[in-house]
Amino acid sequence: MSVSADGVIENLRLNCSEQESKSVDERIAGAVLPGVANLHSHAHQRAMTGLAEQSSGEQDNFWSWRKVMYQMLERINPDQLYHIARMLYLEMLQAGYTHVAEFQYLHHMPNGNAYKNPAEMTLQCLRAARDVGIGFTALPVLYRYGGFGGQPSTEGQKRFTNDQDGFCRLWECVRAELIEEERIGVAPHSLRAISESLLKDVLSALPNDIPVHLHIAEQTTEVEDCVKWCGQRPMEWVLERFSVNADWCLIHATHLEESELTGFAQSGATAGLCPTTEANLGDGIFNAPMFLQAGGRFGIGSDSQISVSVTEELRWLEYVQRLLRRQRNVLNNSENNTGNNTDRNRKHCGTQLFQQAVTGGNKACGIAQGGISAGAQANFIVLDMAHPRLMERTRNELIDSWIFAADSSAIRAVYTKGYRTIENGKHADEIEIHRNFKIALQQLGDSQ
Ligand SMILES: [Zn+2]
C-alpha cells in the first residue's frame, strides 16, 4: 500500500508476495478493516470510570451517577483534561477507533468565568487527539439552561453555560485552530439545556452543513418532563420544529414511540448509540430492529468511557435484542437468515453491524466515507490472524469472530492517515501517557 502526504490511499495491492511487496511503501500482514469513527465521547468522564459503581443507599439511577460526575467536574483543570483525553484517545486507537467526535461541555473555569481562550477545554482535547494521532471532530456544546422551559442553570452547571454570543465566540475559537481533516460541528446538549429560539439563532449563525449532535431521549424522566412542559415527547418536538437531516446525529434515542422512530429514520439523521454506557447507566433499550427496518442509520460511541471497545458496543447492541426476543442474529437481515441459504448468501450479523457502525460513524463525524480502496483516507485497523480467536477464519466469518468472540487484543496495528499509530497493540508514547494520566488522577484525588 502507498499513501499520499495528506493521508489518502494511492495504491493498493492485495495478496502480495514477500518479493512483490519490496516495491511498495509498506506491506501489511493481516486482515485490514476500516477504522471506526467514535461518534460520541465526553473525554473528562474517563477520570471517573468505575467510581460510581457503589450503592448510595437509595435507588441509584442516571441522576445519582450525574451527581458523582458533577463532583469530579468541579475540579478538573485544562492540563489534567489534556492528559485524561490523551489516555482515552490512546485506548480508542487500541480498540479500533480511528476518529473521535468530542462532545465537550466543560468550558469554563471552576468559578464559572471563561478562560482567556474561551475554547480552552475543547482545544486541550484537540491537542490530545493530535498528539496520539486520532482523527477529531470538535463538538462544542451549547448549554444555556438547567431544565425544560428555560429554567436557570444550577451551581453544578456553571462551567458549561453560555449565551448565544459567548457560544459563537467559543465556536469560532475552535474553528480557527482546525487543520486538514479535522472537523467541527455543534452540539446543543439536550432539550433541557436550550430553547427553540436559542437553537434556531445559533444554527442560523453557523455554517449550514456542519454536524449537529443532540442528546435526545435517554431517560424516561426526561421524556415525562418534556411532555409536562410542552405536551410533546422530545423527538416529536425536534422533528416538528427543526429541519433534521443527514447532518444530524441524535444521541441516546432510547425512549421513542413508533411514529418517532419512523420519522427519525426518514429524516436521514444518524442514531448515536452507546450501548455499554446506556447499560451501565440503566437507561433502557433502543428499538434498533424497528429503526433499521424503517431504513435508519446508526453509529456507535463510547460516551461515558465505562468501556472503550468497538466489539463490546456492537455485541451489547445485538445481545440485548437477543435477550429481549429470545432470538439470534436479530439486527441483520433476518429474512435471509433461514438456515437454508449457502454460507455465501447468509447475512453475517457481526459484519453487518460493523459495516453500519463505520458508515454511520463517518457520516455523523462529517468525514468522507472511508473503506479500503484507492482515494479513501488511510484509516484502518489490522487484525492479528494468529490470534487464537481468529485462527482459520476468513472474510465475513472473520469479522463475526472478531465482534462476537474476540476483543481489542486481536487488533495488531492501527493506521490513521497512513501513519502506524499502534503497532503490536502498543503506542510509541504509551509509557509517558500512562504516567501523566496517573498524575492527573492523583491530583484530582488530592483536590477532593
Ligand atoms: Zn453523552
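This is a short talk on the fold of one predicted protein model, from its overall dimensions down to a few elements.

Before the details, please keep in mind that residues are numbered from 1 along each chain as its sequence is written. Because the model is predicted, local features need pLDDT of at least 70 and side-chain atom pairs count only at pLDDT 80 or more, whereas totals for chains, interfaces and linings use all residues.

Let me start with the whole protein, whose secondary structure comes to 15 helices and 15 strands, these being DSSP runs numbered from the N terminus, with helices (H or I) of at least four residues and strands (E) of at least two. Its radius of gyration, taken over C-alpha atoms, is 22 Å, and since the globule rule, 2.2 Å times the number of residues to the power 0.38, gives 22 Å for 448 residues, the protein is as compact as a globular protein of that length. Along the principal axes, the C-alpha atoms fill a box of roughly 65 × 50 × 45 Å. Of the 448 residues, 48% count as buried, where buried asks for 20 or more other C-beta atoms within 10 Å of the residue's own, exposed for 12 or fewer, and partly exposed lies in between, with C-beta atoms placed from the backbone.

Turning to the open sheet, we find 4 strands in the order β9-β10-β11-β12, with parallel pairing, and two strands pair if DSSP finds at least two bridges between them. Strands β9 (212–215) and β12 (297–300) stand at the edges with a single partner strand each, so one side of each has no neighbour in the sheet. From one strand to the next the twist averages 25°. Within the sheet, β10 (residues 248–251) and β11 (residues 270–273) pair over 3 bridges, and Ile 251 stands opposite Gly 272 in β11. Helix α13 (residues 349–365) packs on this sheet, touching β10, β11 and β12, and its direction makes about 85° with that of β12; axes here are lines fitted to C-alpha atoms, for helices over the stretch in contact, and angles run from 0 to 180 degrees between N-to-C directions.

Helix α13 appears again as a partner of α14 (residues 395–405), whose buried residues, Leu 398, Ile 399, Asp 400, Ser 401, Trp 402 and Ile 403, pack against β3 (31–34), α12 (310–325), α13 and β13 (380–383), contact meaning C-beta atoms, placed from the backbone, within 7 Å.

Finally, Trp 229 in helix α7 (residues 220–230) counts as partly exposed because it has 16 C-beta neighbours inside 10 Å.

How values were computed:
Two residues are in contact if their C-beta atoms, placed from the backbone, lie within 7 Å.
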